[in-house]
Amino acid sequence: VDYAVKRGWYNPSEGPFDLEKAYADRKTRVSPGNTHRQWGGLRLLSADPVPLPEEQPLPFAVKPVEPLRVSHITAALRDHYENTGYEPDGYDVKPPHKRHTATICSPATNSSSVFQLRPDMPAAVGAVWWLALWQPCSTPYLPLYAGADDVPDRLGFGGDAGLFCKFCVTSPEFGEAYRIFSDLSAWVDEDYDARIPAVRERWRDTERKAFALQNRFERTVLDLWKSDLSLAADLMGRYCTGVVARASLDARRFLAVPGESSE
């Protein structure tokens, strides 16, 4: 506060100190590319209506309508202002990634992550990285367990052994899955209006199954954890590999026959 006063960024006589107003760049602080994205995410999570940024300053935080799950966060990370005044007239008129205003899910999104952390179980099981490769509106969030004995080869990771180091990206070429989902996102963007419904439904089904299986799968892993850590880690590794392999196959099927969905 003292430094802001010294620089002339804050005058105590004008009211309570606001870090954002004092230190943020004046133009970017109110730029639609920032405020619209902030509003877009808050509106999907808040129990109360969130005012438009053009009407009044956005709240720093909101109370969610219910305890947040992974699916709440992935929905926000996929947002293009659907069903709001910022949405284009239709995807056939203006695809979401060709808007003039930045969206949360954008052409610059080359991966998207949600980290699910549960303190009531060992970190190896309770820490799950839900990873979407490339734009999450057209790719799935896939679970990676911290305690898996290995990570799927298709991801192109390869750090040293250890609870988290094995998730490091070491190849400048990334992995096979990354390239597949990059190609899929590009393919969808070529005709977003026609292609996104089938792709979205496929990944919605993929994620529904993963969420539905999670509790039962983790109970099995935790039972094994008490008696055989190696087997528990192997089971998590096999599960993650299978999920990535299946999603990669589904993506290939979309790309194999342009315009037709995977069945």
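Buried here means under 20% relative accessible area, exposed means over 50%, and partly exposed lies in between, with a 1.4 Å probe and protein chains only. Helices (H or I, at least four residues) and strands (E, at least two) are DSSP runs, numbered from the N terminus. The model is predicted, so local features need pLDDT of at least 70 and side-chain atom pairs count only at pLDDT 80 or more, while totals for chains, interfaces and linings use all residues. Residues are numbered from 1 along each chain as its sequence is written, and side-chain values use heavy atoms, with hydrogens and water left out.

Let us start with strand β2. A127, W129, L131 and L133 point one way from β2, V128, W130 and A132 point the other way, and all are buried. In other words, β2 is mostly covered, with seven of its seven residues buried.

Now for the sheet around this strand. Strands of a sheet pair through backbone hydrogen bonds, either parallel or antiparallel. Two strands are taken to pair if DSSP finds at least two bridges between them. Here three strands form an open sheet in the order β1-β2-β3, with antiparallel pairing. β1 and β3 are the edge strands, each pairing on one side only. On average, neighbouring strands of this sheet are turned by 25° against each other, direction ignored.

We can follow each pairing in turn. β1 and β2 pair in the antiparallel sense over seven bridges. S112 has A132 in β2 as its bridge partner, and F115 has W129 in β2. On the other side, β2 and β3 pair in the antiparallel sense over four bridges. There V128 stands opposite Y145 in β3, and W129 stands opposite L144 in β3.

What do the faces of the edge strands look like? Along β1 the side chains alternate: S112, V114 and Q116 point to one face and are buried, while S111, S113, F115 and L117 point to the other and are not. β3 is covered on both faces, with L142 and L144 buried on one side and P143 and Y145 buried on the other.

Next, look at the helix on the sheet. Contact means heavy atoms within 4.5 Å. For directions, axes are lines fitted to C-alpha atoms, for helices over the stretch in contact, and angles run from 0 to 180 degrees between N-to-C directions. Helix α8 (residues 192–225) packs on the sheet and touches β1, β2 and β3, its direction making about 165° with that of β2. One residue to pick out in α8 is A210, which is buried at a relative accessible area of 9%. Leaving aside neighbours within four places in sequence, A210 is in contact with W130 and Y239. A210 and Y178 are 32 residues apart in sequence and 20 Å apart in space, C-alpha to C-alpha.

Helix α8 also has a helical partner. Two packed helices are described by the angle between their axes and the distance between the axes. Helix α7 (residues 176–190) and α8 pack at an angle of about 140°, with their axes 6 Å apart. Angles under 35 degrees count as roughly parallel, over 145 as roughly antiparallel, 65 to 115 as roughly perpendicular and the rest as oblique, and α7 and α8 are therefore oblique to each other. F181, L184, W187, V188, D189 and E190 of α7 make the contact with Y192, R195, I196, V199 and W203 of α8. The residues of this contact of α7 with α8 divide into eight nonpolar, no polar and three charged. In that count, Ala, Val, Leu, Ile, Met, Phe, Trp, Tyr, Cys and Pro are nonpolar, Asp, Glu, Lys and Arg are charged, and the others, Gly among them, are polar.

Turn now to helix α4 (residues 32–45). The expected span of a helix is 1.5 Å times one less than its number of residues. The 14 residues of α4 should therefore span 20 Å, which agrees with its end C-alpha atoms being 20 Å apart. G33, T35, H36, W39, G40, G41, L42 and L45 of α4 are buried, and the buried residues of α4 pack against α3 (26–29) and α5.

Finally, two loop residues deserve a look at their backbone. Y81 has a positive phi of about 70° although it is not a glycine. Y81 sits in the loop between α5 (70–77) and β1 (111–117) and is buried, at a relative accessible area of 0%. W134, also a residue other than glycine, has a positive phi near 80°. W134 lies in the loop between β2 (127–133) and β3 (142–145) and counts as partly exposed, at 21% relative accessibility.
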